[in-house]
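Work through the exercises below with the sequence and the model at hand. Try each task before you read its solution.

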Amino acid sequence: MFQEIELKGIVLQSYPVGDYDKRIVFLSSEYGKISIFANGARRQGSRLSAATRSFCYEQIKVRQSRTAYQLLGAELLETFEELSRDMDKLCYASYMCEFAEYYTRENIPAKDEINLLYVSFKKLIKGDLDPEIQRAIYDLRLMAVEGEGLNTDEAPYKESISDTLKYTLNYIQNVSPGSLYAFKTSKETEDALKKTVEKHRNSIIDRKFKSLEVHNSLNLSIN
């Protein structure tokens, strides 16, 4: 008998399947990243339509078999619709999801990653932070959550960066999620933050992210 379970999390990606169905990549607190099929979600008036849109934060019920998950129902907790109304924010939010999808795995709980996405979506919607700075903060925090953070006490950073930048980097990697975007610093430190995080990211990640390629082709704000 197939098991029915409830999960809470965020839709990272949504794909059409056949004429009327969808497949979503769902990041759940309980089971990590999983693929879920939503039968009939593309039919007009489907009760599953809203729940299969990217960025939705929701409580869902799925049927689990040996080979697949099937979406049975959902309670929307936050839709983040504003992200889809602005191309710049849409591309950036999509990048956040891609980066989270890169790191997360099935059967590894992802509560910290979901909390990070949630506060990052909120900040992106608010629009009061340079998106390039937000990307650097988000990337560094996620890498730290995944055990690939930046150690400011080791080479090449120990002797090459300022005390202010060291403090900022360590703050980002260790502060509670709700305070992640609460700090302010100088333009000089912000520029150094972006360069340092980019260097660290490129040293451990060797893939391209489609959302950034789309963003750059539209000449938007992310580099």
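Four exercises follow, each with a worked solution.

The model is predicted: local features need pLDDT of at least 70, side-chain atom pairs count only at pLDDT 80 or more, and totals for chains, interfaces and linings use all residues. Residues are numbered from 1 along each chain as its sequence is written, and side-chain values use heavy atoms, with hydrogens and water left out.

**Exercise 1. The whole chain**

Task: Describe the order of the elements and the overall dimensions of the protein.

Solution.
- Step 1: List the elements. The protein has 6 helices and 5 strands. Helices (H or I, at least four residues) and strands (E, at least two) are DSSP runs, numbered from the N terminus.
- Step 2: Read them in order. From the N terminus, the run is β-β-β-β-β-α-α-α-α-α-α.
- Step 3: Check the dimensions. The C-alpha trace spans about 60 × 35 × 30 Å along its principal axes. A compact globule of 223 residues would have a radius of gyration near 17 Å, and the 19 Å of this protein agrees. That radius is taken over C-alpha atoms, and the globule rule is 2.2 Å times the number of residues to the power 0.38.
- Step 4: Look at burial. Of the 223 residues, 43% count as buried. Buried means under 20% relative accessible area, exposed over 50%, and partly exposed in between (1.4 Å probe, protein chains only).

**Exercise 2. Two faces of a helix**

Task: Find which residues of H6 are buried and what covers them.

Solution.
- Step 1: Pick out the buried residues of H6. They are Ser211, Leu212 and His215.
- Step 2: Look down the axis of H6. The buried residues fall within an arc of 95 degrees, so they line one face of the helix. The arc is that of the directions from the helix axis to the C-beta atoms.
- Step 3: Turn to the other side of H6. Lys210 and Ser217 are exposed there.
- Step 4: Find the cover. Helix H1 (87-103) and helix H3 (131-145) are among what covers the buried residues of H6.

**Exercise 3. Bridges across the chain**

Task: Locate salt bridges that join separate parts of the sequence.

Solution.
- Step 1: Fix the term. A salt bridge is a side-chain nitrogen of Lys or Arg within 4 Å of a carboxyl oxygen of Asp or Glu. The structure holds 12 of them.
- Step 2: Take Glu4 and Arg63. Their closest N and O atoms are 3.5 Å apart. Glu4 sits in strand E1 (residues 3-17) and Arg63 in strand E4 (residues 57-64), so this pair links distant parts of the chain, 59 residues apart. Glu4 is partly exposed at 46% relative accessibility.
- Step 3: Take Lys122 and Glu78. Their side chains meet in a salt bridge of 3.1 Å, N to O. Lys122 belongs to helix H2 (residues 111-126) and Glu78 to strand E5 (residues 69-78), so the pair ties together parts 44 residues apart in sequence.
- Step 4: Note a network. Salt bridges link Glu132, Lys187, Asp191 and Lys194.

**Exercise 4. Buried or exposed?**

Task: Classify both partners of the salt bridge between Asp128 and Lys123.

Solution.
- Step 1: Check the distance. The closest N and O atoms of Asp128 and Lys123 are 3.0 Å apart.
- Step 2: Classify Asp128. Its relative accessible area is 44%, so Asp128 is partly exposed.
- Step 3: Classify Lys123. At 15% relative accessibility, Lys123 counts as buried.

Key. Contact means heavy atoms within 4.5 Å.
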